[in-house]
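Notebook open, viewer loaded. I want to go through the ligand site and then a handful of residues, one at a time.

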Amino acid sequence: MGGMRNRVEILHGVNLDALGRRDPSHYGRMTLPELEVKVRRFAVDLGLEPSFAQTNHEGEFCEFLQRAGETSHGLVLNPGAWTHYSYAIRDALEVAALPAIEVHISAVDDREEWRRFSVIEELCAGRVQGRGVDGYRDALELLKAELER
Ligand code: DQA
């Protein structure tokens, strides 16, 4: 018996700490602490054990990813704008070698062209976008399915 693989880390990148002050037509009005309360509830309801982190510093985000395997079985990632260009974060995710789901609050596929491209997409088992905060529940469900595979 290998024990339950239920520890998941929800990582937010650059400018996600400014939720609540960003364009509400894309991001709603919830602050990051409020979002984390809601996402914690989604996770617990699914039988997952969540932890959370956010940083505006790319190198720190890479270090979170490098160490993620020490504490977590899977990842939900919203790297913000880094999603679209940070090969450093892409490579750190490869080091993490954990099942991961990419999530975006806004509809990145329907906004500027440059938001459609994701450097982490090929390393992620799923991608959720344009579903607001509820997208995190979808992401956690996808991650749970991956952890049970
Ligand atoms: C975002 C979308 C990104 O394009 C943007 O740079 C963000 C947030 C989202 O959650 O919709 O900062 O990842």
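Before anything else, I need the accessibility cut-offs: buried means under 20% relative accessible area, exposed means over 50%, and partly exposed is what falls in between. I also note that this is a predicted model.

**Entry: Asn-15**

I tried the cut-offs on Asn-15 to begin with. Its relative accessible area is 40%, so I file Asn-15 as partly exposed. I find Asn-15 in the loop that runs between strand E1 (7-12) and helix H1 (24-27). What is the sign of phi at Asn-15? I read a positive phi of about 75°, although Asn-15 is not a glycine. I flagged that because most residues other than glycine have a negative phi.

**Entry: Ala-97**

I looked up another positive phi at Ala-97, which is near 55° and again belongs to a residue other than glycine. Ala-97 is in the loop between helix H4 (87-96) and E4. Buried or exposed, I asked myself about Ala-97? With a relative accessible area of 63%, Ala-97 goes down as exposed, because the bar for that class is over 50%.

**Entry: the ligand**

Next I went to the ligand and asked which pocket it sits in. It sits in the largest pocket. I listed the residues around the ligand: Arg-22, Tyr-27, Asn-78, Gly-80, Ala-81, His-84, His-104, Ile-105, Ser-106, Val-108 and Arg-115. Sorted by class, I get 4 nonpolar, 5 polar and 2 charged residues in that shell.

Then I pulled the polar pairs. A polar side-chain atom of His-84 is 2.7 Å from a ligand oxygen. For His-104, I read 2.8 Å between an N or O atom of the side chain and an oxygen atom of the ligand. Ser-106 also has a side-chain N or O atom by a ligand oxygen, at 2.6 Å. How much of the ligand's area does the protein bury? Taken alone the ligand exposes 320 Å², and the protein buries 98% of that.

**Entry: Thr-83**

From the ligand shell I moved to Thr-83, in the loop between strand E3 (74-78) and H4. A polar atom of the Thr-83 side chain lies 2.6 Å from the backbone oxygen of Gly-80, and Gly-80 is one of the residues around the ligand. The relative accessible area of Thr-83 is 1%, so I call Thr-83 buried. I also took a long-range distance here: Thr-83 and Ala-145 are 62 residues apart along the chain, with 23 Å between their C-alpha atoms.

**Entry: Glu-102**

I placed Glu-102 in strand E4 (residues 100-104). Where does Glu-102 fall on the accessibility scale? Its relative accessibility is 0%, so I mark Glu-102 as buried. As a spacing check I took Glu-102 against Gln-66: 36 residues apart along the chain, and their C-alpha atoms are separated by 17 Å.

**Entry: Ser-118**

Following the chain past E4, I stopped at Ser-118, in the loop between E4 and strand E5 (126-129). Which backbone nitrogens does the Ser-118 side chain reach? I got the one of Ile-120 at 3.2 Å and the one of Glu-121 at 3.1 Å. Ser-118 counts as buried because its relative accessibility is 6%.

**Entry: Val-8**

Back in strand E1, I picked out Val-8. Val-8 has a relative accessible area of 0%, so it goes down as buried. How far is Val-8 from Leu-75 in space? I read 5.5 Å from C-alpha to C-alpha, with their positions 67 residues apart in sequence.

**Entry: Arg-137**

Last lookup: Arg-137, in helix H5 (residues 135-148). I put Arg-137 down as partly exposed because its relative accessible area is 34%. Arg-137 and Ala-43 are 94 residues apart along the chain, and I noted 7.4 Å between their C-alpha atoms.

Conventions:
Residues are numbered from 1 along each chain as its sequence is written. This is a predicted model: local features need pLDDT of at least 70, side-chain atom pairs count only at pLDDT 80 or more; totals for chains, interfaces and linings use all residues. Side-chain values use heavy atoms; hydrogens and water are left out. A residue is near a molecule or strand if one of its heavy atoms lies within 4 Å of it. A polar contact is a pair of N or O atoms within 3.5 Å; within protein, one must be able to donate a hydrogen and the other to accept it, and residues adjacent in sequence count only if both atoms are side-chain atoms. Accessible areas come from the Shrake-Rupley method with a 1.4 Å probe; for residues, only the protein chains shown count as cover. On a 1 Å grid over the protein atoms alone, a cavity is a set of points where a 1.4 Å probe fits but cannot get out, and a pocket is an open set with protein on both sides within 12 Å along at least five of seven lines; lining residues have an atom within 4 Å of a point. A molecule sits in a cavity or pocket if more than half of its atoms lie within 2 Å of its grid points. Ala, Val, Leu, Ile, Met, Phe, Trp, Tyr, Cys and Pro count as nonpolar, Asp, Glu, Lys and Arg as charged, and the others, Gly among them, as polar. Helices (H or I, at least four residues) and strands (E, at least two) are DSSP runs, numbered from the N terminus. Buried means under 20% relative accessible area, exposed over 50%, partly exposed in between (1.4 Å probe, protein chains only).
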